[in-house]
Structure formats: C-alpha cells, structure tokens
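Reader: I have a model open and do not know how to read it. Could we go through it feature by feature?

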Amino acid sequence: MDPRKEFIKQLRRYEKGSISRRHFLGVTGLGTAMAVMAAEVPGLLPRKAWAAGSIGDKVSLATWPNYHDPKDFEAFTAQTGAAVEVSVFGSNEEMLAKLQAGGTGWDVFVPTNYTVSTHASLGLIEPLDLKKIPNYDIAANDARLIKEGTVNGTVYGAAKDWGTTGFAVNTAKVKENPTSWKQFWDLTQGAYSGRVTVHDYQLTTIGNALKYYGYSFNSNDEKELADAEKLLMAAKPNLFAITSDYQPAFRNGDAWLGICWTGDGKQLHRDIPEITYVLGKEGGEVWTDFYAVPKSAPNREGGYALINFLLDPAINATEVKFHGQPSTDSRTNKLLPEELLKDPIMYPAAELLAPLEFGSAATFTNPARAELMARFKAA
Amino acid sequence: MQGPRKWDWTAILLMSPSVAIFLGLLVMPILVVLVLSFGERAEAGGYQAAFTFAQYANLPARWAAFRNTLTLAPLGTVLCLLAAYPLAYYLAVKVSSRNRLLLLILVIVPFWTSFLIRTYAWIFILGGKGLPALLDMIGVPDVRFINTPFAVLVGIVYGYLPLMVFPIFVSLERLDKRLLEASDDLGASPARTFWQITLPLSAPGAVTGCMLVFILLMGEYLIPALLGGGKVFFIGNALVDLFLQSRNWPFGSAVAVSLVVIMLVTVTLYLRVTLRNRGMRDQALV
Amino acid sequence: MRIYAVFVYLFLYAPLAVIALFSFSAGRSASDFHGFSLQWYATAAGNRLVIEALLNSLLVAFVSSAIATLFGTAAALMLPRVKPAFRMVFDALTYVAIMVPGIVIGISTLIALATTFNFLNPLIAGDAPGAPPLGFGFGSLICAHSLFAMALVIVIVKARLSGMDRSLVEASMDLYADPWGTFRQVTLPQLMPAVIAGFLLSFTFSLDDYVIASFVAGSRVTLPIYVFASIRRGVTPEINAIGTTVMVFSLAMLVVAQVLLRRQARKPAAA
C-alpha cells in the first residue's frame with residue numbers, strides 16, 4: 001500500500017479514537033523517529049517505552065549514594081525506553097520508615113540483609129517472581145551471602161552485592177597503622193580527636209562500639225549496650241561528624257579516620273591512594289544488599305525489568321567496577337579483571353572475614369538501640 | 001452598602017477553596033499528629049492506637065535538642081539583628097536615594113538563590129580546604145570551623161540576614177527625617193538622637209525581623225544538618241530522626257506538638273511584651 | 001559605617017563567588033581548582049536526572065503558586081465580607097500556617113496523607129479494580145506547597161487591600177458600574193503588584209523547598225532533592241555548576257519581576 005495512504009488511514013483511525021496514540025505513533029513510524037530524537041536530546045522529551053512496550057516510561061529506584069554507574073541506567077533506558085528515577089537514602093531505617101508510611105512510588109529498592117525479614121513480616125515487600133528475573137541465578141550465587149534474601153523458604157530479595165563495614169584510614173596523617181576497633185576508638189579519643197567520623201545510624205556505630213569490649217556486634221544485652229553508650233558518649237566530643245556520607249570529608253582532608261563500607265573504601269582508595277580500608281581484627285559486620293519489590297510498586301513490571309537488567313552479569317560487572325562492592329554472583333566475577341578479584345579491600349583475607357557477623361533483624365529493630373543512638377546524637 | 005443578606009454566595013464560593021486547603025492540609029494533619037502523640041510505638045515502629053501521656057512524659061529524653069534550639073535560636077536571632085541593624089541604618093539614612101534601590105536589591109539577591117547552595121558554599125569555605133587552609137598558610141595551624149556550633153551560627157546569620165535587614169530598613173525609611181534634624185537643632189548629640197529617636201521608632205521593624213528569623217530558626221533542620229555534621233542537634237533534627245530513624249511516630253508527634261506550642265507561646269508573649277502600649281502591633285504584623 | 005556595609009556585602013557575596021569560581025574548575029574533585037573549563041556545565045546539562053529534576057521543580061512551583069495566588073487572592077478579597085467570628089478563625093489559621101515550621105508541615109502532611117491513602121486505597125481497589133492506588137508524588141507535593149504559599153499570598157494581598165484607596169471603588173459604584181466591572185477596572189489593577197509579588201514569592205519558596213519535599217514527594221526528584229543528594233555525595237564540581245545556574249536563573253527572574261512591576265507602576269501615569 002502507498003505509505004502515504006496508510007499514514008492518512010492510521011491518522012483517521014487515531015482521530016476517531018479507534019486506536020491509541022501509542023499505536024498510531026508505532027504503526028506510522030513516528031514513534032521510532034521520536035524515540036531517536038529523544039535519545040539525541042537527552043532529557044528534553046519524556047521517553048516512551050516504544051521499544052519494549054510493556055514496562056512504562058519510568059521505573060523508580062530507591063538506593064544508596066554512589067551505588068550505581070549512571071551509564072548503566074542510560075543503557076537500560078536505551079534498551080527499554082523507561083527512564084530510571086533515582087532517590088538516595090543513607091540508612092535502612094529511612095527506607096523502612098517511608099515504606100511504612102506508604103505511597104512511596106518506588107518500584108525497586110535496596111534493603112540490607114538484616115531488614116528483609118522485617119519488610120516481609122510487615123507485608124511491605126512481595127515474594128519475588130523469579131521467572132521475571134532470569135538473570136538472577138541463585139545457584140551461581142554464594143549461598144552463605146544470599147541466605148537472608150529468603151524468608152521461610154520464600155525469596156524476597158535478589159542479591160545485589162555484599163561487603164563489610166570496617167574503617168577508612170588516611171595513612172598520610174594517621175601513623176599508628178590501626179588494625180582493631182580497640183585502636184580505632186582509642187585513637188578517636190586521643191591523637192586524632194576531631195578527625196573521626198561514625199555512621200549516622202545505630203547498627204554499625206553501636207555495633208562497632210560493642211566490638212571495643214569484644215562483645216558481639218549484635219548484642220542487645222542491657223549491660224553491654226550501657227558499656228557501648230559510655231564509650232560513645234566519651235568519643236562524641238572528639239568526632240568530626242556523625243554521618244553516613246563521609247566521602248566528602250575524607251576527600252577534602254577534614255576526616256582521617258572513620259567507620260566505612262567496602263565500596264566507599266574502594267572508591268576513596270582509587271582516587272586517593274593514601275586512604276586505606278581496614279577491618280577491625282575483633283570482627284564487625286559483613287552484609288549483603290538485595291533488590292526487592294515493594295508491594296505498593298506502581299510499576300511492578302518495570303521494577304522486575306530493572307532488576308533483571310542490573311543483574312545481567314555483564315552489566316553487574318560494570319556496576320562492580322564503579323561502586324567497588326564485591327558481587328555475590330560467580331558469573332559476574334568471571335567477567336571482572338584479575339586485580340579487582342585480588343583486591344584486599346573488596347576481598348579481605350579469610351582470617352579477617354572469619355569473625356565478622358551479619359547484622360540481625362532483632363538488632364535492627366531494637367528500640368533500646370534506637371534510643372541509645374538518639375541520646376548519643378543529642379548529647 | 002447592600003442590605004442584610006442571609007447568605008453571601010459569592011463570598012462562600014470564593015472562600016471555600018482556601019477554607020478547604022486550610023482544613024485538609026493544616027487542621028487535619030495537625031489533628032492527626034495530636035492524636036498520634038497520645039498513642040504508642042508499634043513493635044516494628046510506626047503507630048499503635050492507645051491513649052497515654054507516656055510520650056509527653058518522655059519529652060525530657062529530648063531535652064538536649066530543646067536546649068540547643070532554645071539557646072541557638074535566640075542567639076542566632078540576636079546575631080542577625082546586630083549584623084543587620086547597622087546595614088539597614090546605613091541604607092535608610094546615609095545612602096543617597098539613587099543608590100539605595102540597587103544596594104537594597106543586592107541584599108535580597110542572595111536570599112533569592114537556592115538555600116541549599118548558599119549553605120553548601122559554607123561547607124566549602126569552612127571545610128578543611130577553605131579558611132582553615134588559608135589560616136594554616138599564615139601560620140595558624142589546625143583550626144576547625146566546620147561541624148561546630150560556630151559554623152551553624154555563621155550559616156544562620158548568612159541565611160537569614162536579608163530577612164532582618166528588610167523590615168528594619170522599611171521602618172527606618174518611614175521615619176520622618178525632620179525629627180532627626182529637630183533633635184540635632186535642639187543640641188542633642190548624635191548618640192542621644194539615635195537612642196531617643198531612631199532606635200524607638202525603628203523598633204517595629206526590628207521586632208518583625210526578629211520574629212521572622214526566630215520562627216524559622218525554631219524549626220531549623222537543614223543548617224545544623226549540613227554545617228553541624230550531625231553533632232549540633234536541633235528539635236528539627238530530633239524530629240527527622242524520630243520519624244525516619246527510630247520510627248517512633250507517637251513520640252515524634254509529641255515532640256512536634258511541643259515545638260508548635262512553644263513557638264505559639266513564645267511568639268505571642270514576645271509580641272505582647274515588645275508591643276505593649278506602643279500601638280505598633282499592626283505595623284509589626286504587616 | 002560604610003566600611004561595615006562593604007564588609008557585609010563581601011560576606012553576602014564571597015560564598016556565591018566561591019561556588020561560581022569552582023564551577024569552572026577542570027578538576028574532578030570539588031575542593032581543588034585545576035584550571036578553567038566549562039565541562040561541568042556540559043555534564044550537568046547532559047545529565048538527564050538534572051534536567052528532569054529541574055522540570056519537576058518548575059512544574060510543582062508553577063502549579064502550587066498558581067493555586068495559592070488564585071485562592072489566596074480570592075480569600076483576601078472576600079474576608080471583609082464574612083462574619084467577624086469566621087474572619088478571626090481564618091486569620092488565626094493563616095497565622096498558624098505561616099508559623100508552623102516546614103519540618104512539622106512535612107511530617108504531619110506525610111502522616112495525614114498516608115493515613116488517608118491507607119483508608120481510601122482499599123475502597124478504590126474495590127470500586128475500580130486496576131485503578132492506580134493513591135500515593136505520594138506531584139499531587140501531594142503541590143498540595144503541601146500550596147498551603148504555605150496561600151497563607152503568604154493572603155497576608156500580602158490583605159496588606160495591599162488595607163492600604164488601598166477606597167474612594168475609587170466608591171466612585172465606581174456611584175457611577176453604577178456593576179461589582180464585577182468595578183473589580184476588574186478599579187480593584188484588580190491596584191491589587192496587581194501584590195498579586196504578582198505573592199505569586200513570585202510562592203514560586204521561589206516552592207522552587208527552593210527541600211524539607212517539605214523530602215517528606216511528601218514520594219519517588220519524585222525535585223531540584224533541591226537532587227542538589228541535597230549531590231551535596232551528600234559531594235564528589236564533583238557538577239553541583240557547583242548547577243548551583244551557579246540556579247543563581248543566574250533566579251537573578252534573571254528577579255530582574256524580570258522588577259521590570260514587570262515597574263512597567264505596572266508606570267502604566268496608570270501614562271494612561
């Protein structure tokens with residue numbers, strides 16, 4: 001048929017309302033033209049899911065700062081037509097609070113291992129439809145690291161990556177070469193007063209104060225928590241900041257010592273080699289972050305599509321190179337350069353990993369710990 | 001005007017949207033918070049229905065936040081006033097009217113730029129590579145500004161200075177210059193003229209400015225969060241923590257209710273005391 | 001005194017200058033200057049998230065200040081006509097709306113709307129299966145911003161009304177103009193500067209708000225939310241480029257507003 005006649009016919013049908021705008025644009029090729037234009041003029045036009053069709057034009061992701069390579073989101077948009085809307089959070093508590101209030105509009109978010117069971121029991125997240133995430137191959141993942149994504153035999157979280165919580169040290173300034181939490185807190189109150197940061201949420205800040213005495217990272221014992229509080233209160237005047245966004249402070253030289261996650265340690269070390277990452281030899285935290293889908297997700301299909309895309313081993317490998325947290329997926333590891341797999345920050349020695357503990361749900365939800373943290377911050 | 005009518009339909013029609021907005025977005029939320037403040041924290045956080053005064057009884061647990069706010073907010077207000085008054089005086093009395101508008105606009109322009117960016121600028125300046133580095137170069141090593149109450153006060157004065165300058169300027173400009181001349185002619189010293197004429201007549205402006213700044217400081221959250229490093233804790237920061245970290249909604253609601261009550265009481269008292277018998281209540285409120 | 005004034009102006013502008021200066025840095029780090037470059041402007045302009053956040057902010061600011069100006073002006077005009085008791089309550093609400101801190105507004109709106117959604121959503125799902133559930137987003141953000149902005153408009157317009165010359169209105173009435181004609185030809189032109197000022201103030205308030213938005217914006221990212229997240233990461237001078245652009249933008253708006261107001265002021269004289 002004459003393409004012009006076909007166009008007019010489709011236009012008439014569109015005008016009469018017998019076909020949708022999307023169908024009209026798709027059939028006439030205008031959609032393709034617009035999609036190309038939209039790709040050429042980033043951000044100026046709302047992008048539509050012409051290519052894949054069914055996942056809408058926007059997927060909402062709630063995640064952590066510096067946790068994704070923006071290029072991967074662009075690739076997702078190019079492939080599916082759906083833009084990724086990113087909100088960043090500094091703590092699991094905040095994500096839980098927003099989900100509890102409801103109406104977040106998130107399609108995917110990234111909870112840490114110790115929160116998955118709480119989210120599941122409160123009915124805030126849905127059991128994952130694994131058929132929609134073919135790229136998440138449970139067998140290829142390290143079983144020890146991903147076990148908390150499963151609650152009572154139901155998979156609620158698809159593992160994103162794992163890591164540890166140690167401390168960052170600017171070795172140009174800190175000469176003592178600290179290797180333990182005991183040293184960390186002693187140096188805080190001594191030579192490096194005013195140069196130390198701790199996290200702005202209770203689990204790791206209290207947990208690593210407990211390690212000073214050799215108690216469990218997860219202790220909820222009243223007396224042990226009282227000891228931790230004493231230490232934290234004594235350390236408070238010597239802190240530079242209570243913040244989970246400590247990278248700027250390290251980068252411009254204000255902070256020399258601070259509680260730190262693997263990925264931040266790796267990113268800091270990559271740009272400023274004298275900043276190193278240390279695991280306290282008494283132990284501390286090991287964790288895994290998971291992708292999960294809120295029950296209230298407005299665009300569930302889009303959420304699954306994004307998880308599946310980001311867990312594609314090739315994409316996941318570029319993500320790991322960007323954020324510096326080790327992957328749980330052996331297929332991803334095969335694609336990573338040798339020096340990354342041997343990196344001591346990402347893959348600490350076995351004897352350092354052995355004493356680490358996963359944070360527990362009871363630790364996370366303990367109101368006494370929350371109040372302790374509030375007293376510490378307000379003091 | 002028109003005779004007595006039972007229903008003024010035009011007025012009802014035109015008032016109803018604003019009444020609806022006030023009811024739905026102000027009265028209802030405040031009532032919800034009030035109800036929550038008598039409840040209990042649910043096991044995993046959030047709210048559980050109950051009727052208890054336990055949350056209010058627990059308020060002393062946030063005493064430090066109230067203390068910080070109730071010292072730093074008035075202090076910040078006074079600093080703003082001290083910094084703003086000479087400038088407002090200079091603009092209203094000393095500058096020629098030709099330059100006045102330009103200079104006035106220059107005070108307001110920063111206020112029109114993003115609050116976050118302005119505060120971010122101070123992170124930059126007070127941070128290790130800013131002023132401390134300069135001081136280090138001239139031989140004053142190891143000075144720290146950022147994440148101290150001092151940094152928070154600098155942020156406060158910087159953020160709210162224009163808000164203070166403007167009302168003082170307006171009241172000084174309205175002031176009849178002939179009064180000053182008369183005082184001068186009668187042989188009063190400039191200092192005496194200032195104390196007996198200028199200062200009392202500019203008081204309404206100063207009161208308005210102080211009230212504006214004080215109100216904003218009582219609920220301040222961003223400046224301590226950005227320039228205080230999580231160590232300088234205002235009620236606003238305590239509120240955010242209660243709702244987003246410990247998820248103790250009932251207690252957070254009790255803190256919010258107390259904050260609003262404290263504000264209403266202080267501002268009303270403040271207006272009563274400063275404006276008593278001076279007939280400038282209306283002026284100050286405009 | 002003049003020296004002091006110079007000092008204050010330095011204090012006001014030095015920080016902005018520093019931000020602007022570093023936005024032209026060629027370096028990757030936000031805290032060291034490495035030669036002149038425009039690359040961070042290109043990065044920001046090419047960043048889809050920045051552009052989207054800006055468009056979101058403009059949309060919310062425009063709609064919320066339009067609502068606030070329209071309803072606020074209407075209310076201020078009608079207030080003299082309502083019963084004194086009602087007027088007193090209304091004035092008190094206006095006063096409270098301005099005084100309650102943004103953080104309390106944000107939190108209480110979050111909780112109140114969340115409660116409402118939780119109540120309504122099962123009903124909606126029952127009545128119209130497949131309809132999207134209510135949630136936080138542009139709607140809730142616009143509502144929350146409208147509240148404060150409307151109170152602001154009411155105060156400004158009321159002040160202008162009380163300072164207005166009643167004799168013109170009475171003259172118009174005497175000449176048997178209908179109320180609408182009087183309003184359009186006499187009241188409105190006199191009121192216009194206050195209405196415009198109210199709109200502009202509301203617009204800047206909304207454009208600049210982080211605190212309220214952080215509670216009720218749901219998954220929507222406005223410019224302040226994006227900027228706050230960037231400050232937390234604080235890695236590159238992109239944030240300086242955005243900041244400088246915002247500064248220049250608001251400056252331009254201020255100039256436009258000035259020009260408009262001045263033209264407005266000149267018009268009656270010319271007529």
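Reader: In what order do the three strands of the open sheet in chain A lie, and is the pairing parallel or antiparallel?

Author: This is a predicted model. To read a sheet, list its strands by position across the sheet. In chain A the order is 2-1-3, and the pairing is parallel.

Reader: Which strands of chain A are the edge strands?

Author: Look for strands that pair on one side only. Here they are strand 2 (83-88) and strand 3 (108-109) of chain A.

Reader: How many bridges join strand 1 and strand 2 of chain A?

Author: Strand 1 (residues 58-63) pairs with strand 2 of chain A over six bridges, in the parallel sense. To follow one of them, start at K58(A): its bridge partner in strand 2 of chain A is A83(A).

Reader: Which helix lies across these strands, and at what angle to strand 1 of chain A?

Author: Helix 13 (residues 300-310) of chain A lies across strands 1, 2 and 3 of that chain, and runs at about 60° to strand 1.

Reader: How many helices and strands are there in chain C?

Author: Count each kind of element along the chain. Chain C has eleven helices and zero strands. Of its 271 residues, 42% are buried. The C-alpha trace of chain C spans about 70 × 65 × 35 Å along its principal axes.

Reader: How many residues of chain B and chain C are in contact?

Author: Count each side separately: 56 residues of chain B touch 54 of chain C. Helix 1 of chain B gives the largest share of the chain B side, 15 residues. By class, that side has 46 nonpolar, six polar and four charged residues.

Notes:
Residues are numbered from 1 along each chain as its sequence is written. Chains are lettered from A and ligands numbered from 1 in the order in which they are written. This is a predicted model: local features need pLDDT of at least 70, side-chain atom pairs count only at pLDDT 80 or more; totals for chains, interfaces and linings use all residues. Helices (H or I, at least four residues) and strands (E, at least two) are DSSP runs, numbered from the N terminus. A residue is buried if 20 or more other C-beta atoms lie within 10 Å of its own, exposed if 12 or fewer, and partly exposed in between; C-beta atoms are placed from the backbone. Two residues are in contact if their C-beta atoms, placed from the backbone, lie within 7 Å. Ala, Val, Leu, Ile, Met, Phe, Trp, Tyr, Cys and Pro count as nonpolar, Asp, Glu, Lys and Arg as charged, and the others, Gly among them, as polar. Two strands pair if DSSP finds at least two bridges between them. Axes are lines fitted to C-alpha atoms, for helices over the stretch in contact, and angles run from 0 to 180 degrees between N-to-C directions.
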